[in-house]
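Got your viewer open? Here's a short tour, starting at one spot and then pulling back.

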Amino acid sequence: MSSTSAAGRRAGFARRDTESQEFMDFADCDPDRLERTYRQFRTVNRLVSGWRRVYRQMIRPRLDAERPTTLLDIGFGGGDISRALAGWAARDRLVLRVTAIDPDGRALRHVRALPSSGVRFEQASSADLVARGDRYDVVVSNHLLHHLDPVALDALLVDSTALSRGLVVHNDLSRARAGYGFYAVATLPFARRSFIHQDGLLSIRRSYRRAELQAVVPPGWQVRPMFPQRLLLTHEGAHQ
């Protein structure tokens with residue numbers, strides 16, 4: 001089983017690698033390495049994803065100490081982002097009700113084994129929630145965009161606006177050689193015991209640059225850079 005095609009390795013950084021597949025996306029990948037990968041997401045995301053900043057600047061101003069605000073996390077993976085957002089709001093004594101979905105049953109089994117966090121985790125897709133008429137004040141995702149082909153990306157954006165009463169934030173990597181080199185060195189000690197090293201490097205190669213992402217999203221979506229090596233794809237709808 002190989003996660004990286006020869007074409008992907010030759011692509012370098014001039015264009016996205018859209019052909020390779022990450023190890024953890026294979027249904028028959030090693031379950032022990034997958035579980036370790038889920039656990040390591042918390043450390044990696046805390047260091048590079050910038051969600052604390054997104055929470056302070058974009059989400060917290062919408063929260064209230066008495067009126068509940070609802071938030072949906074699409075593709076929760078290890079569940080650490082959902083849990084962090086709920087925890088930050090609780091420490092700020094603000095009422096945030098977090099629902100997190102992922103179509104992969106393995107992710108759901110992982111989060112159900114964790115201590116209670118107040119987050120409602122569910123095995124579902126964004127299309128499932130649209131079909132049942134769900135709405136949320138804020139919709140977010142982390143490291144999801146680079147996994148999607150053009151059809152799936154379009155569908156996600158349509159679903160996101162249908163599900164959100166206001167703000168959508170899709171937070172993802174931005175492809176760059178410097179970040180790739182730093183990540184390769186920093187995660188090398190974990191290469192044998194989890195997928196965090198190999199899949200993380202592939203994620204960087206699969207990720208967009210700012211102009212690339214802006215060129216493929218519909219009008220009304222804004223792409224903004226965030227340090228370090230991040231892109232925020234945002235949409236602000238009318239509050240309903």
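Start by selecting S82: its relative accessibility is 0%, so it counts as buried, the cut-off being under 20%. Bear in mind as you click around that this is a predicted model.

Next, show the cartoon around that serine. S82 sits in helix α4, which covers residues 80–91.

Now bring up the side chains around it. Which residues is S82 in contact with, leaving aside its neighbours within four places in sequence? Select D73, F76, V98, A100, V119 and F121: those are the contacts of S82 once the nearby sequence is set aside.

Time to zoom out to the whole protein chain. Colour by secondary structure and you'll have 10 helices and 7 strands to look at. Switch on a burial colouring, and S82 has company: buried residues make up 52% of the 240 in the chain.

How about a contact map? Take the contacts between residues at least 6 apart in sequence, and 75% of them join residues at least 24 apart.

For overall dimensions, draw a box along the principal axes: the C-alpha atoms fill roughly 55 × 40 × 35 Å. The radius of gyration is 17 Å, which agrees with the value near 18 Å that a compact globule of 240 residues would have.

Last stop, the surface. Turn it on and you're looking at about 11800 Å² of accessible area, with 54% belonging to carbon and sulfur atoms. Then colour by charge: there are 36 positive and 26 negative side chains, and the centres of the two sets lie 7 Å apart.

How values were computed:
Residues numbered from 1 in each chain as written. Predicted model: local features only at pLDDT ≥ 70, side-chain atom pairs only at ≥ 80, totals over all residues. Heavy atoms only, no water. Helix = DSSP H or I, 4+ residues; strand = E, 2+ residues; numbered from the N terminus. Rg over C-alpha atoms; globule rule 2.2 N^0.38 Å. Buried < 20%, exposed > 50% of the residue type's maximum accessible area, 1.4 Å probe, protein only. Contact = heavy atoms within 4.5 Å. Areas by Shrake-Rupley, 256 points an atom, 1.4 Å probe, with all protein chains shown as cover. Lys, Arg positive; Asp, Glu negative; His and termini not counted. Charge placed at Lys NZ, Arg CZ, Asp CG, Glu CD.
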